[in-house]
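This report describes selected features of one protein structure for a reader who is new to the subject. Please keep the sequence and the structure in view while reading.

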Amino acid sequence: MDHRLSPELEELRRTVEEFAHDVVAPKIGDFYERHEFPYEIVREMARMGLFGLPFPEEYGGMGGDYLALGIALEELARVDSSVAITLEAGVSLGAMPVHLFGTEEQKRTWLPKLCSGEILGAFGLTEPDGGSDAGATRTTARLDEASGEWVINGTKCFITNSGTDITGLVTVTAVTGRKPDGSPRISAIIVPSGTPGFTVAPPYSKVGWNASDTRELSFEGVRVPAGNLLGEEGRGYAQFLRILDEGRIAIAALATGLAQGCVDESVKYAKERHAFGRPIGANQAIQFKIADMEMKAHTARLAWRDAASRLVAGEPFKKEAALAKLYSSTVAVDNARDATQIHGGYGFMNEYPVARMWRDSKILEIGEGTSEVQRMLIARELGLVS
C-alpha cells in the first residue's frame with residue numbers, strides 16, 4: 001500500500017506543522033507549567049478548521065476523514081501532546097459519537113458547534129471502579145415516563161475536555177436496564193453542560209498532559225429529555241467499542257508524533273551540544289540511538305496510516321488499529337526515555353521539550369485501551385480467544 005500523502009494532505013501536514021512550531025511551541029511551555037488550559041491556542045485550532053476535519057461539510061465540517069485527522073494530530077504532538085489530545089478527544093470522543101449514532105436533529109443541533117470549535121464535547125465512559133472493564137458500568141439512567149426524561153445517577157473519571165469554559169456536552173454511558181441473562185443494558189445519553197445535578201470536579205493534578213483538561217464528573221438526579229438518547233437504547237456498549245476502535249488510530253497518530261518529536265529534539269541537541277571538543281552527535285553511540293528512534297517513529301507512522309487507510313476504505317481495521325496503538329505507544333515511551341538520556345541533565349529540566357514529552361508519553365500506554373487490552377484484541381482477531 002502506498003502511504004505517501006496526496007498533495008491536499010501534504011498541504012494540510014505542512015500547515016499544521018507550521019502552526020505547531022510558530023504558534024504552539026513558543027507558548028505551550030508556560031501553559032503546561034501553570035497547568036492551564038490554552039484557550040488561545042485552541043481558538044486558533046478552531047479557526048483553522050481542525051475540529052471539523054473528518055466531518056461532512058453539511059454539518060460545518062471540512063469534508064476530510066480519519067487520515068486527515070491523524071496527520072494533524074501527529075504534527076501537533078511533535079511539539080506538544082496537550083493540544084493534540086484536546087483535538088483528539090474533541091473530535092474522536094466528543095463529536096464522532098454524535099456523527100456516527102446521532103439522529104438528524106442531534107447532528108443539526110450539535111455538530112456545527114463542535115466542528116467549528118465553538119464548543120468541545122467529551123465522552124463519559126470510564127468510572128472509578130471500572131477502568132478497562134467498561135461492562136461494569138454503575139452509572140444508571142432511568143426513563144421517567146411521566147416527564148419523558150432520563151434521570152441519571154453515577155460518577156465518571158478521567159474525562160478529557162469535560163470541564164473547560166467551552167465544554168458543551170458530555171455523552172454518558174449508563175445502565176438503562178437488564179437483559180434476559182441479567183447483564184446490563186448500557187446506553188449512551190447526551191448531557192449538556194450546566195444541566196442541574198451535573199457536577200464537574202476541579203482538574204486532576206496529573207503527571208503529564210498538564211495543559212489539557214481532565215476531570216471527574218458526578219450525576220445526581222440529572223434530568224435530560226428522552227430525545228437525548230444517542231443511538232439505540234441498550235446499544236451504548238457496542239457504540240463505545242466502535243468509537244474506541246477508531247480512536248485508537250488517532251491515539252496512535254498522536255503517539256507517533258511524540259516519538260518523532262523526540263527524534264527532532266535529539267537531532268537538534270546532538271548538533272548543538274559539545275563534549276570533549278566536538279558535537280555529541282559525532283559519537284557513534286548517539287548516532288545509533290537516534291537512528292533507532294527514527295526507525296521506530298517511521299514504523300509507527302506506517303502502522304497508523306495503514307489502519308486509517310483501512311478505516312477510510314470501509315475495510316475491517318480492528319486488529320490494525322490495536323497493532324498501531326500498541327506499537328506507537330510503546331515507541332513513544334521508548335523514544336521519550338532515550339531523548340531524555342541524550343539530553344543528559346538538561347533532559348530533566350522542564351524548559352526542554354523532551355522533559356514534557358517524557359512525562360506525556362506514559363499515558364499513551366493506558367488511555368483508550370491499555371497495552372494489555374490491545375494484546376487481548378490482537379489475540380482475539382488471530383483466533384486465539386473465543
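The sections below treat strands, individual residues, salt bridges and a surface patch in turn.

## Basis of the report

The structure is a predicted model. Residue numbers start from 1 along each chain as its sequence is written.

## Strand β1 and its partner

Strand β1 comprises residues 120-124 and is mostly covered, five of its five residues being buried. In a regular strand the side chains alternate between the two faces of the sheet. In β1, both faces are covered. Leu120, Ala122 and Gly124 lie on one side, Gly121 and Phe123 lie on the other, and all of these residues are buried.

The pairing partner considered here is strand β4, which spans residues 167-178. The two strands pair in the parallel sense, over five bridges. Within this pairing, Leu120 of β1 stands opposite Thr167 in β4.

## Antiparallel pairing around β3

Strand β2 (residues 140-144) pairs with strand β3 (residues 149-160) in the antiparallel sense, and five bridges connect them. Leu143 stands opposite Trp150 in β3. The hairpin of β2 and β3 has four residues between the strands, and Gly148 takes a positive phi near 70 degrees there.

Strand β3 is also joined to strand β7 (residues 214-225). This pair runs antiparallel and is held by nine bridges. One position to locate in the view is Thr155, which stands opposite Ser218 in β7.

## Selected single residues

His99 belongs to helix α4, which covers residues 81-101. Is His99 buried or exposed? His99 counts as buried because its relative accessible area is 19%, and the limit for buried is under 20%. Leaving aside residues up to four places away in sequence, His99 touches Phe55, Pro56, Lys107 and Leu111.

Two cysteines may be examined in the same way. Cys157 has 3% relative accessibility and is therefore counted as buried. Cys262 is likewise buried, with a relative accessible area of 0%. The structure holds zero disulfides.

Gly182 is situated in the loop between β4 and β5 (184-192). With a relative accessible area of 39%, Gly182 is partly exposed. Gly182 and Ala324 are 142 residues apart along the chain, and their C-alpha atoms are separated by 35 Å.

## Salt bridges

Side chains of opposite charge can pair when their charged atoms come close. How many salt bridges does a search of the whole structure find? The search finds 30 salt bridges. Three of them are described here.

In the pair Arg13 and Glu10, the closest N and O atoms are 3.1 Å apart. These residues are three residues apart in helix α1 (residues 7-33), so about one helical turn separates them. Arg13 is buried at a relative accessible area of 17%, whereas Glu10 is partly exposed at 23% relative accessibility. Both residues also belong to a network of salt bridges that links Glu10, Arg13, Arg14, Glu17, Glu75, Arg78 and Asp264.

A second salt bridge connects Asp213 with Arg215, with 2.7 Å between the closest N and O atoms. Asp213 is buried, its relative accessible area being 4%. Arg215 is buried as well, with a value of 14%.

The third salt bridge is formed by Glu320 and Arg310, and the closest N and O atoms are 3.9 Å apart. This pair links distant parts of the chain: Glu320 lies in helix α8 and Arg310 in helix α7 (residues 284-312), ten residues apart. Glu320 has a relative accessible area of 15% and is therefore buried. Arg310, at 23%, is partly exposed.

## A nonpolar patch on the surface

Which residues form a nonpolar patch on the surface? The patch is made of Tyr346, Phe348 and Met349, which together have about 340 Å² of accessible area. Tyr346 is placed in the loop between α8 (318-343) and α9 (353-361). Tyr346 counts as partly exposed because its relative accessibility is 38%.

Conventions: Predicted model: local features only at pLDDT ≥ 70, side-chain atom pairs only at ≥ 80, totals over all residues. Heavy atoms only, no water. Patch = residues over 30% accessible without salt bridge, like charges linked within 9 Å, V, L, I, M, F, W, Y side chains within 5 Å. Areas by Shrake-Rupley, 256 points an atom, 1.4 Å probe, with all protein chains shown as cover. Salt bridge = Lys/Arg side-chain N within 4 Å of Asp/Glu carboxyl O. Buried < 20%, exposed > 50% of the residue type's maximum accessible area, 1.4 Å probe, protein only. Pairing = 2+ DSSP bridges. Disulfide = S-S within 2.5 Å. Contact = heavy atoms within 4.5 Å.
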